[in-house]
Amino acid sequence: MSMINKKRLLENFLKLVQIDSMSTEERAMVDELARQLSALGLSVVEDDAGSKIGGNAGNLIATMPGTVAKPAIMLSAHLDRVTPGLGIKPLVRDGIIYSDGSTILAADDLAGVVGIVEAVQTLLESKEPHGPIEIALTVAEEGGLRGAKNLDYSKLTAKLGFVLDGGGPVGSIVIKGPAQDRIEATIRGKAAHAGVSPEDGINAIIAAATGLARMKLGRIDPETTANIGVIQGGTATNIVPDMVHLKGEARSLNPAKLMAQSEHMRACLEAGARERGARAEVQISRMYAELSLEAGDEVVEIARRAAEHIGLVPTLVTSGGGCDANIFNQRGIATVNLGMGYMKVHTTEEYISVDNLEKIAEWTLAIIQQTPKA
Ligand SMILES: [Zn+2]
């Protein structure tokens, strides 16, 4: 059995977290991974997603032909991170990697990135036969999955995908996740002096409040959630406000329920505005489609067998969030999201164990090995 080089894996992780790589500013990280994957003999291209989203780097797509007839698989992780993520100084204590407390750690998602690199390097050293491998390292995943949305899919042939970016323990396999709509609204009233001629005004804040008061929000049903998260409007206490902006979202595992919830939110805002003599302009946009795989699907079974093969307990889970896997599935690549065992992500207390880093790499290698012959 091929052995992951734990020391090399940890060193690469500690090296990469120290390379700044905020969303749309991934240039140095993309260059480093292009160098690493080229050095392994993969053919590496960078797509033009960077210019499409106003970033300084595109997605990296690295491919390796198979040595046996197996279906191509895609391995994917993201290269960007959330704030505060500049100048990360990792420290290892009792087998756990932390930041110094002033930044995140960026195990989300460099744990996935180094897992893929180490698995491929170990595979190549073993000279074991394998099928075609396609690696997609995305930019700007955080805050909108923009790298995956703008990825050059003509460079990929795989119909089976594995995203290494899941929140659960190593061994958990995300097979379901909600679709998400963004709801943006502008309520327009009429400005007037609040002391001199208030009867000439139409208060947009009151109009927005009237709509919000009848809106179902929070956990709508076991599959559906909704939230209004931002409200902005008004300029001074002596002016009847003529404009309010609202931003919200709705999510559901069930596309019909999502559409119903989004339309409900639109209808409430429109009716509330009408009742107060104001106007509501409501925009609903689909951020991503649902992730909807089943036990028994080939990609799920490969991930499950691979987990069992290395002594993990595989569990199929539903996520409340979206990830690049939602986009890949939408683009015809049946993709699961694998649990990384990183903890407290998106906080300065983020951490991951060195053992989990090793398990991630082992699992990834086992996925390559457990993909059945075509
Ligand atoms: Zn992530």
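This passage describes the fold of one protein chain, from its overall make-up to selected strands, helices and backbone details.

The model is a predicted one. The protein chain has 374 residues, of which 49% count as buried. Its secondary structure comes to 10 helices and 19 strands. Along the principal axes, the C-alpha trace spans about 85 × 45 × 40 Å. Contacts reach far along the sequence. Among those between residues at least 6 apart, 76% join residues at least 24 apart.

Strands of a sheet pair through backbone hydrogen bonds, either parallel or antiparallel. One open sheet has 5 strands in the order 11-12-14-9-15. The pairing in this sheet is antiparallel. Strand 11 (218–221) and strand 15 (279–288) form the edges, and each pairs on one side only. From one strand to the next, the twist averages 20°. Helix 6 (residues 204–213) packs on this sheet. The helix touches strand 9 (179–188), strand 12, strand 14 (243–252) and strand 15. The direction of helix 6 makes about 20° with that of strand 14. At one edge, strand 11 runs antiparallel to strand 12 (residues 224–233), and 3 bridges join the two. Asp-221 stands opposite Thr-224 of strand 12.

Strand 6 (133–138) shows another setting. Of its 6 residues, 6 are buried, so strand 6 is largely enclosed by the rest of the structure. Burial holds for both faces of the strand. Ile-133, Ile-135 and Leu-137 point one way, Glu-134, Ala-136 and Thr-138 point the other way, and all are buried. Strand 6 has an antiparallel partner in strand 2 (residues 60–64), with 5 bridges between them. Here Thr-63 has Glu-134 as its bridge partner. Strand 6 also runs parallel to strand 3, to which 6 bridges join it. In that pairing, His-78 is matched with Thr-138 as its bridge partner.

Strand 8 (residues 172–177) has 5 of its 6 residues buried, so this strand too is largely enclosed by the rest of the structure. Several strands pair with strand 8. Strand 17 (residues 315–318) runs parallel to it, and 4 bridges join the two. Val-174 stands opposite Val-317 of strand 17. Strand 18 (residues 334–339) pairs with strand 8 in the antiparallel sense over 2 bridges. Ile-173 stands opposite Leu-338 of strand 18. Strand 16 (residues 291–292) is likewise an antiparallel partner of strand 8, with 2 bridges. The bridge partner of Gly-177 is Leu-291 in strand 16.

Two packed helices are described by the angle between their axes and the distance between the axes. Helix 1 (residues 6–17) packs against helix 4 (residues 107–126) at an angle of about 140°, and the axes lie 10 Å apart. That angle makes helix 1 oblique to helix 4. The crossing of the two helices is right-handed. Helix 1 contributes Arg-8, Leu-9, Asn-12, Phe-13, Leu-16 and Val-17 to the contact. Helix 4 contributes Leu-110, Val-113, Val-114, Val-117 and Glu-118. By type, the residues of this contact divide into 8 nonpolar, 1 polar and 2 charged.

Some backbone details remain. Most residues other than glycine have a negative phi, and most peptide bonds are trans. Thr-83 and Pro-84 are joined by a cis peptide bond, with omega about -10°. Pro-84 sits in the loop between strand 3 (73–78) and strand 4 (91–93). A cis peptide bond also joins Asp-108 and Asp-109, with omega about 15°. Asp-109 lies in helix 4.

Positive phi values occur in Asp-94 and Leu-145. For Asp-94, which is not a glycine, phi is about 50°. Asp-94 is in the loop between strand 4 and strand 5 (96–98). This residue is exposed, with 6 other C-beta atoms within 10 Å. For Leu-145, phi is near 55°. Leu-145 is in the loop between strand 6 and helix 5 (146–149). With 23 C-beta neighbours inside 10 Å, Leu-145 counts as buried.

Note on methods:
Residues are numbered from 1 along each chain as its sequence is written. This is a predicted model: local features need pLDDT of at least 70, side-chain atom pairs count only at pLDDT 80 or more; totals for chains, interfaces and linings use all residues. A residue is buried if 20 or more other C-beta atoms lie within 10 Å of its own, exposed if 12 or fewer, and partly exposed in between; C-beta atoms are placed from the backbone. Two residues are in contact if their C-beta atoms, placed from the backbone, lie within 7 Å. Two strands pair if DSSP finds at least two bridges between them. Axes are lines fitted to C-alpha atoms, for helices over the stretch in contact, and angles run from 0 to 180 degrees between N-to-C directions. Angles under 35 degrees count as roughly parallel, over 145 as roughly antiparallel, 65 to 115 as roughly perpendicular and the rest as oblique. A crossing is left-handed if the near helix is turned anticlockwise from the far one by less than a right angle, and right-handed if clockwise. Ala, Val, Leu, Ile, Met, Phe, Trp, Tyr, Cys and Pro count as nonpolar, Asp, Glu, Lys and Arg as charged, and the others, Gly among them, as polar.
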